[in-house]
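Here is a short walk through the structure, from its aromatic pairs and sheet to its two ligand sites and a few backbone oddities. Have it open in your viewer as you read.

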Amino acid sequence: MPVLLFISQIEPAESWKRALERAIPGVEVRIWPEAGSRDSVDYVLCWKAPAGVFRGMDNLKAVFSLGAGVDHLRDQRGLPEEVPVVRMVEPALTEGMSEYVIYQVLRFHRRMAEYDAQQSRREWRVLSQVRPRDRRIGILGLGVLGRDAAKKLRALDFDVAGWSRSEKKIRGIKSFAGAGTLEAFLKRTDILVCMLPLTPATTGIINQQHLNLLPEGAYVINAARGQHLVEEDLLSALNSGHIAGAALDVFRKEPLPADHPFWTHPKVTLTPHVASLTNPETGAEAIADNIALCESGKAPQNVVDFSRGY
Ligand code: NDP
Ligand code: OXD
């Protein structure tokens, strides 16, 4: 009977326990800090586990991240190298992210923030419209999430490109691959969407130099990690008018401090790291499939390669 230890301060532990028990026959789910004897733990499912928590878990078979991002596990000490770390890939998380991205793209594309401002002034005024085929979307990161959003935006007739490490062949999507193509990618991007993993290579990627490469009046959507964005550089670009606005879901410090200028900036719309949430039902099914692989001696899917950082 596999033992799974659930560790999270923010995810609903009881919902996860019920969903895991439904999806994994015979599983014993323990909820941190009630870990029981550490060497009896087979699997850990976690979001931001306390430092050193894996010490003494000598029979661990795999660690599952509750989120797609695994930066929260990067600096964990005491996690043996041979234990696979698995990132979350599940359909509801992917759908939710595409919904968020499409919503923010359309909100800017159809000038809804400007109409909201007009409404607050009781002002009746028609603003010009751009056709989607004439709006160039640039997606940083064409992985599980970026690819889904790219295809759905393409289906709405936007001109979509994506930037990734390796070249992609996705119908209708322009692929830019590698650091050498970033400048050309940014120069053709009216709406920049960040869906990269946080790694040493991607930290601070939305900075003054790269914002300056975007065309005048471009829009920025950050749905990945706060550390991708140099917040002061975005504020300067918004205040100078070079960048028209930004939709931000993630921040360098979360919760966003009450005195942070983003809260009241007229060109910023923000949400509290909710662009997409892992769904306990479909998430538990993805974990069940991977535990079945592990229990039959096979390697799980979506294992993190920490040498590349994601
Ligand atoms: P994936 O691992 O599937 O995709 C990552 C993509 O980024 C790949 O296309 C990869 O390229 C590309 N990439 C990585 N490093 C580089 C680099 N140095 N240069 C160029 N491209 C690079 O991740 P997911 O799509 O599942 O998730 C992406 C991120 O979204 C997560 O790591 C997390 O931070 C964030 N997230 C945020 C949420 C929120 O609510 N705000 C919710 C869920 C996720 P290649 O394909 O060539 O490997
Ligand atoms: C994730 C997140 O990485 O929610 O899944 O941030």
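## Aromatic pairs

With ring centres within 6.5 Å as the cut-off for a pair, the count comes to five aromatic pairs. Keep in mind that this is a predicted model. Take one of the pairs, Tyr-43 with Phe-64: the ring centres sit 6.0 Å apart and the planes meet at 35 degrees, so this one goes down as tilted. Stacked would need planes under 30 degrees apart, and edge-to-face would need over 60.

Where do Tyr-43 and Phe-64 lie? Tyr-43 belongs to strand β3 and Phe-64 to strand β4, so the pair ties together parts that are 21 residues apart in sequence.

## The five-strand sheet

The two strands just mentioned are also partners in backbone terms. Strand β3 covers residues 43-46 and strand β4 covers residues 62-65; they run parallel, with four bridges joining them. Tyr-43 turns up here again, standing opposite Ala-62 in β4. As general background, strands of a sheet pair through backbone hydrogen bonds, and they can do so in parallel or antiparallel fashion.

Zoom out and you get an open sheet of five strands, ordered β2-β1-β3-β4-β5, with parallel pairing. Which strands are at the edges? They are β2 and β5 (85-86), each of which pairs on one side only.

At the β2 end of things, strand β1 (residues 3-7) and strand β2 (residues 28-31) run parallel and are joined by four bridges. One spot to click on is Val-3, whose bridge partner in β2 is Glu-28. To get from β1 to β2 the chain passes through helix α1 (residues 13-23), and this β-α-β crossover is right-handed.

## Ligand 1

Ligand 1 has 28 residues around it, and the ones that come nearest are Val-144, Ser-166, Lys-168, Asp-249 and Tyr-310. By type, the shell splits into 15 nonpolar, eight polar and five charged residues. Two elements that each supply at least two residues of this shell are α4 (144-155) and β7 (159-164).

Now for the polar contacts to oxygen atoms of ligand 1. Tyr-310 puts a polar side-chain atom 2.5 Å from a ligand oxygen, and Lys-168 has a polar side-chain atom 2.6 Å from one. Ala-275 joins in through its backbone, with an N or O atom 3.4 Å from an oxygen of ligand 1. How much of ligand 1 does the protein cover? On its own the ligand has 940 Å² of accessible area, and the protein covers 93% of that.

## Ligand 2

Around ligand 2 you'll find Trp-47, Gly-67, Ala-68, Gly-69, Arg-225, His-273 and Ser-276. This shell divides into two nonpolar, four polar and one charged residue.

Which residue puts a polar side-chain atom 2.6 Å from an oxygen atom of ligand 2? That is His-273. Arg-225 also uses its side chain, with an N or O atom 2.8 Å from a ligand 2 oxygen, while Ala-68 offers a backbone N or O atom at 2.7 Å from an oxygen of the ligand. The protein covers 84% of the 210 Å² of accessible area that ligand 2 has on its own.

## Backbone oddities

If you plan to check torsions, start with the cis peptides. Trp-32 and Pro-33 are joined by a cis peptide bond with omega at about 10 degrees, and Pro-33 has its place in the loop between β2 and β3. The bond from Glu-254 to Pro-255 is cis too, with omega near -5 degrees; Pro-255 lies in the loop between β11 (243-248) and β12 (268-270).

Then there are positive phi values in residues other than glycine. Lys-48 has phi near 55 degrees and is found in the loop between β3 and β4. Arg-122 has a positive phi of about 55 degrees, although it is not a glycine, and its place is in the loop between α3 (112-120) and β6 (136-140).

Terms used: Residues are numbered from 1 along each chain as its sequence is written. Chains are lettered from A and ligands numbered from 1 in the order in which they are written. This is a predicted model: local features need pLDDT of at least 70, side-chain atom pairs count only at pLDDT 80 or more; totals for chains, interfaces and linings use all residues. Side-chain values use heavy atoms; hydrogens and water are left out. A residue is near a molecule or strand if one of its heavy atoms lies within 4 Å of it. A polar contact is a pair of N or O atoms within 3.5 Å; within protein, one must be able to donate a hydrogen and the other to accept it, and residues adjacent in sequence count only if both atoms are side-chain atoms. Accessible areas come from the Shrake-Rupley method with a 1.4 Å probe; for residues, only the protein chains shown count as cover. Ala, Val, Leu, Ile, Met, Phe, Trp, Tyr, Cys and Pro count as nonpolar, Asp, Glu, Lys and Arg as charged, and the others, Gly among them, as polar. Two strands pair if DSSP finds at least two bridges between them. A crossover is right-handed if, with the strands pointing away from the viewer, the path from the first strand over the helix to the second runs clockwise.
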